[in-house]
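Good morning, colleagues. Please look at the sequence and the structure as they come up, and I shall then take you through the helix packing and the aromatic pairs.

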Amino acid sequence: MILLKEYIKNKISELEGTKVQEKKAKSKILIQHYLKISKAELFFKDIILSSKDIKNLDRMFIQLLQNKPVQHITGVTHFYNDKFFTPPGVFIPRPETELLVDCAVEFVSTKTDTIKLSLIHISEPTRPLYISYAVFCLK
């Protein structure tokens with residue numbers, strides 16, 4: 001058994017000198033996801049990891065060392081205030097694509113009711129964009 005804070009420190013240290021970018025952020029995302037804890041709990045709660053927790057987290061970190069996207073390791077990604085299922089093989093929406101949703105919302109909000117507008121689903125990577133836009137319009 002080990003304290004979570006010590007485990008995080010050790011894992012970030014192990015990632016030094018590797019090709020993994022954003023080591024601290026990705027480490028914290030993996031741990032928060034696995035333990036289902038908030039950022040506050042991550043920093044302020046004294047959590048003791050069981051040997052099972054360590055074994056499962058170590059598996060996640062091995063995948064990170066293999067340059068597997070953190071979104072594929074956790075199976076989720078956040079896009080425009082929504083959570084999307086992203087197992088391996090699914091495209092991960094890029095953060096700058098959220099700008100397209102903002103532009104679409106702004107464009108549509110300036111149009112009158114007399115103009116019919118529709119969205120066309122072009123390909124699988126566009127799905128989060130259209131879902132996010134539709135959710136925004138329903139709010």
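At what angle do the axes of helix α1 and α2 cross, and within what distance do they come? Before I answer, please note that this is a predicted model. The axes of α1, which covers residues 4-15, and α2 cross at roughly 140° and come within 10 Å. Angles over 145 degrees would count as roughly antiparallel, so α1 is oblique to α2. The crossing, as α1 passes α2, is right-handed.

Let us turn to the residues at this contact. From α1, the participants are L4, Y7, I8, I12 and L15, and they meet K23, K24, S27, I31 and L35 of α2. Sorted by class, this contact of α1 with α2 comprises 7 nonpolar residues, 1 polar and 2 charged.

The second packing partner of α2 is my next topic. Helix α2, residues 23-35, also packs with helix α4, residues 51-65. Here the angle is about 140°, and the axes lie 11 Å apart. That angle makes α2 oblique to α4. Once again we have a right-handed crossing, with α2 passing α4.

Which residues of α2 meet α4? They are K26, S27, L30, I31, H33, Y34 and L35, and on the α4 side we find K52, D53, N56, L57, M60, F61 and L64. By class, the contact of α2 with α4 contains 8 nonpolar, 3 polar and 3 charged residues. I would draw your attention to S27, I31 and L35, which are listed for α2 in its contact with α1 and are listed again in its contact with α4.

I come now to the aromatic side chains. How many aromatic pairs does the structure hold? There are 2. In one of them, the ring centres of Y7 and F61 are 6.1 Å apart and the planes stand at 70°, so this pair is edge-to-face. Because Y7 belongs to helix α1 and F61 to helix α4, the pair ties together parts that are 54 residues apart in sequence.

Are Y7 and F61 buried or exposed? Both are buried.

The other pair is formed by F79 and F84. Their ring centres are 6.4 Å apart with the planes at 70°, so this pair is edge-to-face as well. F79 and F84 are both buried.

To close, let me return to Y7 and F61. Y7 is among the α1 residues that meet α2, and F61 is among the α4 residues in contact with α2. Thank you for your attention.

Technical notes:
Residues are numbered from 1 along each chain as its sequence is written. This is a predicted model: local features need pLDDT of at least 70, side-chain atom pairs count only at pLDDT 80 or more; totals for chains, interfaces and linings use all residues. Side-chain values use heavy atoms; hydrogens and water are left out. Axes are lines fitted to C-alpha atoms, for helices over the stretch in contact, and angles run from 0 to 180 degrees between N-to-C directions. Helices (H or I, at least four residues) and strands (E, at least two) are DSSP runs, numbered from the N terminus. Angles under 35 degrees count as roughly parallel, over 145 as roughly antiparallel, 65 to 115 as roughly perpendicular and the rest as oblique. A crossing is left-handed if the near helix is turned anticlockwise from the far one by less than a right angle, and right-handed if clockwise. Contact means heavy atoms within 4.5 Å. Ala, Val, Leu, Ile, Met, Phe, Trp, Tyr, Cys and Pro count as nonpolar, Asp, Glu, Lys and Arg as charged, and the others, Gly among them, as polar. Rings of Phe, Tyr and Trp (its six-membered ring) pair if their centres lie within 6.5 Å; planes under 30 degrees apart count as stacked, over 60 as edge-to-face and the rest as tilted. Buried means under 20% relative accessible area, exposed over 50%, partly exposed in between (1.4 Å probe, protein chains only).
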